[in-house]
Amino acid sequence: MDILFKKLVDSTKPSIDISLVEELTSLYEHYGIEYKNSLTLNQVQKHLYENIQNNLVGNKLYRTHLFIIKDQLLLTHFIKSTSLQPYLGIIEIIIDAIRSNDHTPEQSIRQLVSLECEDKWRTALQSAWDLTVISPRKLEYNLQDLQRRYKRKFVVSNSAKILQNEGCEIAIENGRVVIDESQARRVANRIEADIRLLGGIEALRKLFEILKPCYNEKQGRYHLGRTFNSLMQAELPSIPVAYLLNLCVKYPRKQILVAIESSAQSWKRILKMSIALTSILDVETDNQFALWFHSTDTIIQFLQELAVYDSLFCPVQLRSSDVPKIIQGLFAWLSETTQQKLGWTPEQAAIIAENILKIGEAKLHPVTFQTRQLENLQLEIGKDEIDRILKIYSHDVSCVNSNFHIPQDISEIDPNNYFHHKPLIRLSKDEYLLTSSSICSPAFYEAIVSEIRVEVDKNINDKLGHKIEDFIKGEFSSRGIKFNFGEYGGTKKSGSDEIDILVEASDTLIFLEVKAKALIRSSKCGNDLNLLFDLSESLLKSQIQLNKHEISIRKNGYISFKNGYICELNDKDIARVSITLLDFGSFQDRTIFKFLENMLLGNFDSSNNLNTSEAKKLNKLNDKINEFKIQFKELIKLNSTWANHPFNNCWFLSVPQLLILLDNVTSSDDLKRELWRTRSRTTSSLDFYREYEYARQLAAAKDSM
């Protein structure tokens, strides 16, 4: 596509020269622009933009194809030193012209004519050439300026060159760097060889030493991910923490002493090669603006990049002190018969988890412990039960993440061997490794669910939704938060609706809808369909249910629960909170509501090479989108503020995030206050925990003034 574009540019020339630019009257006459009084160069530029738009509007190419051409030009220049101008200047003019109507949605241009429509493209390109005569700076070349403006592509290019020097053949396709899978595996094997020599435990120590400044003691977790400076620029490339972690745990042993080179040299090479291998995937944003502005034709790629970014740089974490209460809260309902079949109780599992995590408490590095350390604590749990629970919680040392080498392998790991499904690695008969308290904490829940699913109840996941609701209700009650829940309204024909949880603050009604759906591993790898389905079954589905509640109470002025309680609107604000059990990473930043905004603008095409199951799921997703659109129109009629700010009062949170909020809550009004802290400000880290801590720090600083 870029080759054809360059040929078209080369075959087109400007219709004016610089002498004509100096005489506006002649310029107006040249283009046939009518004028009466004042003449301006802006009017001429507007005319040329309109000419580009009129010639290129069509139904073959999406606007994203223009960005692909631009990225292809930059990467081939940075890596292969091909000519960049005038092609970059011309494509940027075309992009600016096509996007110039975006402030008016009904006039926005979404699709273009094919590059094969050469006459139309040449006419448009001539207008672009004319704009370079009017503004010659558009074709200037300055390498330092290019490196600054296109830092993301420059960093990717540097990583590609590092891989080239390692013997990899680099291709540039559709605006992305591509290396053959076999070559990527060869690079990964070299990284793993260094990790084996250094020893996985020593490599982890070095990794966590780097991360130490990122640790937030109050939240019991590392604040990882995107960081922007005062100029809204990010420091790239980043260390792929999650990728390195998944490699290091494959070799949970201490250093193999080799006299050839120092451990520092091995570690330096591990960092260099892992950064290069992950950087070429091109999912790191170089500035904040790239996270804020997306349209229907860019939102899918944006979502994919968020998913892959998290899988490379941000392992899922959980505050270790929350683990026991989550285990007890979600599994205490298991019957005595079930507990006998398992050979342990949820209370025992929670106690063992709590004491394991205490061993690793405040230690920002891997720790090992022996079974006898737990036995010596006199926990009133028999040795057999301790051994059974430790077996559930631990991987065999030889199986962890087997067959994982390159980032794309994450979805192919056997679930039984996936590191994040069990918190411990069994190093010997009685010795265990806890890699990191915060990073291993979510796996206590995963290990218990997997054991119950295999041993006694394969449908355990279907039962967890209500248990999550009960757990949240218990946490609310213990903090003095008043709430209601249950069925309301309905007729014999339509049936009734059900509110999971409704909290009444002084000036706000907070509706919470709980979904147990988790983000599956193929979604974390950026599989676009699975990612859409997961977001549909969690965020979209819950927001549709929440919209029903808002429509009902705005229509009637109240909601009458079947238990007899009546909740009146009384001009209160309404907040809609979707809750998942586990973290969805970047997707739980408020930026994700851009996804919902784009849902209001279109549907997904189900005609492209889908199997029957996928097509059925996509049709179901489109049905949800259509329902969402109908609700949107109805809500605008009921509340005009919905038109411009439909998701101002929406949150997408996990139970662990909610528990962090609840640290500072002792009433319903407190809950509203803490929710609102992240409503209107952001550092664009796409990390709820960082954003919330930052908001609290700002509030504390303001209060101290």
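**Cysteines, a sheet and a coiled coil**

Cys 168 is buried (under 20% relative accessible area, 1.4 Å probe, protein chains only), at 6%. This is a predicted model, where local features need pLDDT of at least 70, side-chain atom pairs count only at pLDDT 80 or more, and totals for chains, interfaces and linings use all residues. Residues are numbered from 1 along each chain as its sequence is written, and side-chain values use heavy atoms, leaving out hydrogens and water.

Me: How many disulfides are there?
Reply: A disulfide here is a pair of cysteine sulfur atoms within 2.5 Å. Take Cys 214: its sulfur is too far for a bond, since the closest cysteine sulfur, in Cys 314, is 10 Å away. The count comes to 0 disulfides.

Me: Which strands stand at the edges of the open sheet?
Reply: Strands are DSSP runs of E, at least two residues, numbered from the N terminus, and two of them pair if DSSP finds at least two bridges between them. Here 4 strands line up as β7-β10-β9-β8, with mixed pairing. An edge strand has a single partner, so one side is left without a neighbour in the sheet; that fits β7 (367–370) and β8 (394–396).

Me: What is the bridge partner of His 395 in β9?
Reply: β8 runs parallel to β9 (residues 424–426), and 3 bridges join them. In β9, the partner of His 395 is Ile 425.

Me: How far apart are the end C-alpha atoms of residues 611–638?
Reply: UniProt's unreviewed entry annotates this span as "coiled-coil region", though annotations may be inferred rather than shown by experiment. The span is 96% helix (DSSP H or I, at least four residues) and 0% strand. Its end C-alpha atoms lie 41 Å apart.

Terms used
Buried < 20%, exposed > 50% of the residue type's maximum accessible area, 1.4 Å probe, protein only.
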